[in-house]
Amino acid sequence: MADMSGDREYVRLVSSDGFEYSILRSAAAVSGTLRGMLSQSSNFVEAKQNRVVLPNISGVLLEKVCEYLYYNLKHQNNPGNIPEFDVPPEMALELLVASDFLDGKHC
Amino acid sequence: MSRNAGGSRVRGPNSALTEFLRERGIDANAIRHRYEETLQQQASASSDTVVTVSGSSATSRSRSREVETTVASSSRSRKRTKKKHEDSDDEGEVLARMARPRPGQIEFCAECQCRFTVTAYSKAARDGNGLLCHSCGSKYAQEEKQQKKTQISSRKRKKSIAAALLDKQEFAVPKLQDMCIKLIARYIEDVEMLGDIGDFNMEKIARILSRNRSLKDNTLKLFLNPSIKRLHFWDCSNLCSDSLELIGSYCPLVESLTLSMCGQMTDKVIDYYSTNLRNLHSLTINGGFLITSGCWLRFFDAIGSQLNRFSLANTLRFNRESLEAIVRNCSGTLEELSLSRVGSLKVEDISLLLQLPRLTALELSYMRDAITDDIMIDLLRTFGPQLVTLNLDDSGDLTDKFLLEGVRPHCGRLQNLSLALCDGFTDIGVRDVFKDWEVNNGLINANFSRCVNVGDAGIQALIDHSAKTLVVLNLNSIYKLTSATFQLLASSDCEFLSHLDFGFVHCVGDEEIEVLTERCKSLQLIEAYGNIRITELAKIKRGVKVAGRQSDSL
């Protein structure tokens, strides 16, 4: 992975089991934690590589998280009649832990 | 003008106005169109026609003259309706001109020119110049339906925004955490162990469960954990006495316990707490009306000496003896005491509180009969100087005497003052308390809601005194206020004011609220119920929630 500085449109999130998800930077920024990690003004390796490893979140879970980030991004400006975000109950607890970690005003 | 309304007389319910208009064939589109055409005619220089819109002088002569003129712009249908004008009102050219053909008559469709029989439901042509046959009319039915739908949905949206405001919720995309918590709460009965999700989220879940009333005997165990120190359940109505006891056995280390709506709590539970909860120093029981005064006696005798904070609300079984027990056991440690809606206490009983020298927070609300000027002045003389919080809501027997001889001289440390529903205070009284009140550094929370005899002088004195420290200000129903007070508020640099309630204060309008949101930098929530002069046009600064505007739901 070449070191690329400067704002790239897409960033990568890596789950504990090695799955990589490419999402828009603006979607990742919905989560305060991710936004901080990827912020170009910090000296984090994640920011330099535009890649965040999340060893406490599994692949399936991370996929759901990405889905939520896009859902939030898409409906930010019109919170009126938005479709429900479907969460399978078995995932609810772990998703809660993950979202708590990812923090952010919106996450 | 009697009309024989042709066709079926069986109609669905309509307002009287609708029926009236329909019977007379009065159609808004047609009227508008005719008026516009008249104006056009007036503008276009047409020599011989004297088309007058001023209807009052309409005579049959001028009407017939129009019929004879061969002005190019007059259309066939208008001529035709002229002939039928004997059925129309005499109230003006315009109305006269748009007499509609009666149901039952044969007309030519304005669009497809086919012949059809006019019914009561024949739609007017788009340009108002005639009627449409059934098939042409139904073409537009789809469009009209769509219009109605969007109207309804926009009304719904307005309602949901207003509802969200009323709940003081952010109207934004729901947070993932919140969604998960909601989901968990819904499936709580199936989930075995909630695992480690942090105290803060536990409390959030407990709150949501209480809101959905799903805190039941079988879900309670999920929240009990031997290491818990603070436990707050806001709705225990579905918890039976045995479950409440469980709290005592599963969480012996708990230090602060709040149980609201715990109507099923019995003496057994309190007795169990008094033996098992060795670390308890703060207890709030709201609605435990089954607990007898004897039980309270035993409770205070057992662990009164470690109690730092005690709050009781909504019971009639707490009397002088119980209060004596508190005084006997807790005088050395009790710092916060709150008794609300404890109807069994009398004025003489309150004097027992003089023996609690360490009190810093006192609430004696909604106990009108027990609170008088003299007793409160005595209390304040004793521990006024150390009192930080004082709440005497709904103590209508209090008068200015209490303010001037009790609060002003003694309450130097007071920060939170709540005197809602106290209509015994006058404007001058309140003014005299706050004017040059040097002993006191400024109130943080001030609640004078429903003190209807207070006015500008009093509240302005309050603002002058506490502007720099106020965070929460409640002026609900102080209707005598004028906008001068609010201008003062805006110009007083209230940098910490974040919650303002001025419901039912009629003088507040769009201007005042705009200035307030501009100048008070920390404002987060404004409650404006019943302020009819605030409309949706008011420019509210971003980030400030305004709840209760009439325009939100209409």
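Contact here means heavy atoms within 4.5 Å. I keep that at the top of the page, since several entries lean on it. I also note that this is a predicted model.

**Entry 1: F300(B)**

I started in chain B, with F300(B), and found its place in helix 12, residues 293–303. Is F300(B) buried or exposed? I looked up its relative accessible area, and the value is 0%. Buried means under 20%, so F300(B) is buried.

Next I asked which residues F300(B) touches, leaving out those up to four places away in sequence. My list reads S305(B), L307(B), F310(B), F318(B), S322(B), A325(B), I326(B), N329(B) and C330(B). I picked one of them, I326(B), for a closer look. F300(B) and I326(B) are 26 residues apart in sequence, and their C-alpha atoms are 5.9 Å apart in space.

**Entry 2: helix 16 of chain B**

Still in chain B, I moved on to helix 16, residues 400–410. Which of its residues are buried? I noted D400(B), F402(B), L403(B), G406(B), V407(B) and H410(B). Then I checked what these buried residues pack against, and found three partners in chain B: helix 15 (373–383), strand 9 (389–391) and helix 17 (427–434).

**Entry 3: chain A as a whole**

Over to chain A, where I count 5 helices and 3 strands. Reading from the N terminus, I get the order β-β-α-α-α-β-α-α. Chain A has 107 residues, and buried ones make up 46% of them. For the surface, I have about 5800 Å² exposed, with carbon and sulfur atoms supplying 51% of that area.

I also looked at sequence separation within chain A. Taking contacts between residues at least 6 apart in sequence, I find that 60% join residues at least 24 apart.

**Entry 4: helices 4 and 5 of chain A**

Two packed helices are described by the angle between their axes and the distance between the axes. I looked up both for helix 4 (residues 59–75) and helix 5 (residues 92–102) of chain A: the angle is about 60°, and the axes are 10 Å apart. That angle is why I write helix 4 of chain A down as oblique to helix 5 of chain A. I have the crossing of these two helices as right-handed.

Which residues make the contact? From helix 4 of chain A I list L61(A), K64(A) and V65(A), and from helix 5 of chain A E94(A), L95(A), A98(A) and L102(A). Sorted by type, the residues of this contact come out as 5 nonpolar, no polar and 2 charged.

Key. Residues numbered from 1 in each chain as written. Chains lettered and ligands numbered in written order. Predicted model: local features only at pLDDT ≥ 70, side-chain atom pairs only at ≥ 80, totals over all residues. Heavy atoms only, no water. Axes fitted to C-alpha atoms, helices over the stretch in contact; angles between N-to-C directions. Helix = DSSP H or I, 4+ residues; strand = E, 2+ residues; numbered from the N terminus. Parallel < 35°, antiparallel > 145°, perpendicular 65-115°, else oblique. Left-handed = near helix turned anticlockwise from the far one by under 90°. Nonpolar A, V, L, I, M, F, W, Y, C, P; charged D, E, K, R; others polar. Buried < 20%, exposed > 50% of the residue type's maximum accessible area, 1.4 Å probe, protein only. Areas by Shrake-Rupley, 256 points an atom, 1.4 Å probe, with all protein chains shown as cover.
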